[in-house]
Amino acid sequence: MKKGIHPDYQPVVFRDPGADFAFLTRSTITSGKTVVWEDGNTYPVVDVDVSSASHPFYTGRNRVLDTAGRVERFNQRYGRS
């Protein structure tokens with residue numbers, strides 16, 4: 001790799017505050033906030049809205065859609081009975 005053209009690749013903590021879940025990985029992303037990790041070192045932290053701990057695909061907690069209500073509204077709207 002050429003020197004001086006790539007961003008720093010450093011340890012970063014990604015945190016999902018809604019699910020109280022965080023993990024340490026390496027990334028080129030930067031952040032002004034820091035957190036003290038379990039090993040006692042201080043790392044930059046990036047807050048994310050969705051992670052594997054909160055996404056329905058990974059947790060198995062899918063939302064149930066009201067498909068019967070949608071079909072009934074469609075039929076009422078377009079005159080089918």
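**Exercise 1. Determine whether S27 is buried or exposed in this predicted model, and describe its surroundings.**

*Step 1.* The relative accessibility of S27 is 14%, so the residue counts as buried; buried means under 20% relative accessible area, exposed over 50%, and partly exposed in between (1.4 Å probe, protein chains only).

*Step 2.* S27 belongs to strand 2 (residues 21-27). Strands (E, at least two residues) and helices (H or I, at least four) are DSSP runs, numbered from the N terminus.

*Step 3.* Leaving aside residues up to four places away in sequence, S27 touches D8, Y9, Q10, V12 and F14, where contact means heavy atoms within 4.5 Å.

*Step 4.* A polar atom of the S27 side chain lies 3.1 Å from the backbone nitrogen of I29.

Residues are numbered from 1 along each chain as its sequence is written. In this predicted model, local features need pLDDT of at least 70 and side-chain atom pairs count only at pLDDT 80 or more, while totals for chains, interfaces and linings use all residues; side-chain values use heavy atoms, without hydrogens and water.

**Exercise 2. State which elements the protein chain contains and where confidence is lowest and highest.**

*Step 1.* The protein chain has four strands and two helices, in the order β-β-β-β-α-α along the sequence.

*Step 2.* Its average pLDDT (the predictor's confidence in each residue, from 0 to 100) is 82, and 79% of the residues score at least 70.

*Step 3.* Confidence is highest in strand 3 (residues 34-36), with a mean of 95, and lowest in helix 1 (residues 56-59), with a mean of 58. Where pLDDT is low, predicted coordinates should not be read in detail.

Definitions and conventions: Polar contact = N/O pair within 3.5 Å; in protein donor to acceptor, adjacent residues only side chain to side chain.
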